[in-house]
Amino acid sequence: MAFFQVIAGVTSSLMVTPVLMLILCIIFVGSLGKSFGIRRLYVNFLLKIFEYGRVNIETAKKSRYPEADDTETEGTTQAQTTITTADHAEKVIANGNGYLGKTPQQNGGNHLISRDPLILAPDAETTTKKEPTRKISSSDGETSDEFTGEENNFEFNLENCLDYVKAGMEAIIEDDVTSRFEAEELKNWNLLTRTNRHYEFISWRLTVIWMCGFFVRYTVLMPLRVLICFLGVAWAVVSFAIIGCIPMRGLRRRLNDEAFKITFRLISNSISAVIRFHNPEYRPRNCGFCVANHTSPIDISILSTDCTYSLIGQRHGGFLGVLQRALARASPHIWFERAEAKDRLAVAQRLRQHVSNPRNPPILIFPEGTCINNTSVMQFKKGSFEVGGVIYPVAIKYDARFGDAFWNSSRYSMMQYLYMMMTSWAIVCDVWYLPPMFRQEGESAIDFANRVKSVIAKQGGLVDLMWDGQLKRMKPKKEWRQKQQEEFTKRLKGE
C-alpha cells in the first residue's frame, strides 16, 4: 500500500511541476512588460460566452413569455428610432488589444430627461452667464424681459419658480450625482452573481456555463491570483529594501524604475489586467503632476505598469501600509498623517519641494479625491493646480463587462473589494496619455482644473460634471444653498 502511495505522490509531483514552471514563466514574462497573448485570447473567449448567454437569455424569455413579448414589440414600434440611436451610442468598436472598447457616448448612460445644467448648479456664478429670452407677466398684464436690468414694478408669480421646481423633480427622477457612486449597470449579464438578474437558472445551458465559470474563478483563478499578488508584494519589500541601500543616486534611480514597474505589473497580473496604452509619446517623463480620473485604488497599479511615479496619499496600515513603507525606502513619495493631510499649506509646500527637483518622478494625483464609477468625471480639487509646473492629463476607461473596477468605499471594505477583483473575470481598460498642459497667464487654478478635467472627460468618453465627489459622504455645502438663494432673488428682481 505504501508503495502505491509513493508512486502516486511521485506521479502527481511530475504532473504539477510542469504546470508550476509554466505559471512562473508566464509571471516572469508579464513582470517584464511582455505577453504571450494568452489574456487577450481569454478575453475574446469571454466575449463569445457573454454573447451566447445573451442570445440564450433572450430565447428563454421569448419561450416563457410569448404574449408579453408580442405586446412589447407592438408597443415599441414607434420608439425604434430612439432605440436605434441608443444602440449606435452603445456600439462597441474593435481595437488592437483583442477586446472591444466602447464609444464615448455610451459612458454617460441613457438619460430619461434632458435638464438645464445652469439650474441648481454647485456654483451659482455659472448661472449668471445665461441670457434667457423668456418673458414674464406683470400685474397689469404687460410683458417684459426678465433680465433686462430695467426697473419694473414686479410682483411675484408662481411661474417664476417653476424652473427650480422642474429641476428638483428632475433630480428626484434621475440624480446626476448619487448615481455616480453606484456600480455601472450592464446591458448584458456577464455571468457574475454580483450583477445577477436571476438569469443563471433561466435555462439548463446557461446554468452549466455559470457553474463552470464559478468553478474556474474560485478554484483556479482566485488561488493563482492571490499567489501572484503575494509575489508582487514580496518582491516590493525585498527589492526596494536592497535598492534603498545603494549609495549611487543614478544607479539607484534606474533600479528603482525597473523595480517599481515590475511590482505593479505583478499586482496587475494578479487581477488579470488587460491594458492598452494610447499616445505613448505623451507619457509623463519629467517632474510635474500626472492627473487622472479616479475609479479605484487599482488605478495606481494600472498606470504604474508603464511609467514610474511618485505617489501621494494618507498613511495606511495593513496591506497598503506594507506597500507604502516598501516604496518609500527607494524613491521619493509623499505620505501624510491624517491630521497633517488636512493642512493645505503643508501639503502645498511638500508638493512644491518635490516638483522643484527635476530628478524626481512626476507625482500621480487623482484630483477628484474619491472614486467615481467610471461613467463621469467630477469636480477636480484645485490644490495641485495652484502649485505650478506641468500637468500630464491621463484618461482611464474600464470595460465593466469583465469586472467592475469601481470601489464603492461606503459599501465595501478594502479586503472585500480585493476579493471581488480576484474573483472577477478580468480587468480590461484603455489608458490615454494626453499632451502636457500648463496654466495660462491670468488663469485661475479653478479654471485650469476645469480645463484639464474637460480634456480628460472628452478623451475617455466620460460625462463632465461640476459636482464635488465628496457629496457621497457629506451634505451640500451651506454656501451652495446661499448662492442659489441669491441667484433666485436676482431672477425675481430682474437683475
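**Helix H6, its patch and its neighbours**

This predicted model has 15 helices and 13 strands.

Reader: Which helix gives the most to the nonpolar patch?
Author: Start with the patch itself, about 310 Å² of surface made by Val237, Val238, Ile242 and Val322. Val237 is found in one helix that spans residues 204–243. With three residues, the top contributor is helix H6.

Reader: Is Val237 buried, partly exposed or exposed?
Author: Val237 has a relative accessible area of 33%. Buried would need under 20%, and exposed over 50%. The value sits in between, so Val237 counts as partly exposed.

Reader: How do H6 and H7 run relative to each other?
Author: Two packed helices are described by the angle between their axes and the distance between the axes. For H6 and helix H7 (residues 249–269), the axes are 8 Å apart and the angle is about 170°. Angles over 145 degrees count as roughly antiparallel. So H6 and H7 are roughly antiparallel to each other.

Reader: Nice, and which residues in H6 meet H7?
Author: On the H7 side, the residues met include Arg252, Leu255, Phe260 and Asn269. Facing them from H6 are Ile228, Leu231, Gly232, Trp235, Ala236, Ser239, Phe240 and Ile243.

Reader: What covers the buried residues of H9?
Author: Helix H9 covers residues 318–328, and its buried residues are Gly321, Leu323, Gln324, Ala326 and Leu327. Their cover includes strand S7 (310–314) and strand S8 (334–336), along with H6 and H7.

Reader: Zooming out, what percentage of the protein's residues is buried?
Author: The protein has 495 residues, and it exposes about 27400 Å². Of its residues, the buried ones make up 41%.

Definitions and conventions. Residues numbered from 1 in each chain as written. Predicted model: local features only at pLDDT ≥ 70, side-chain atom pairs only at ≥ 80, totals over all residues. Heavy atoms only, no water. Patch = residues over 30% accessible without salt bridge, like charges linked within 9 Å, V, L, I, M, F, W, Y side chains within 5 Å. Areas by Shrake-Rupley, 256 points an atom, 1.4 Å probe, with all protein chains shown as cover. Salt bridge = Lys/Arg side-chain N within 4 Å of Asp/Glu carboxyl O. Helix = DSSP H or I, 4+ residues; strand = E, 2+ residues; numbered from the N terminus. Buried < 20%, exposed > 50% of the residue type's maximum accessible area, 1.4 Å probe, protein only. Axes fitted to C-alpha atoms, helices over the stretch in contact; angles between N-to-C directions. Parallel < 35°, antiparallel > 145°, perpendicular 65-115°, else oblique. Contact = heavy atoms within 4.5 Å.
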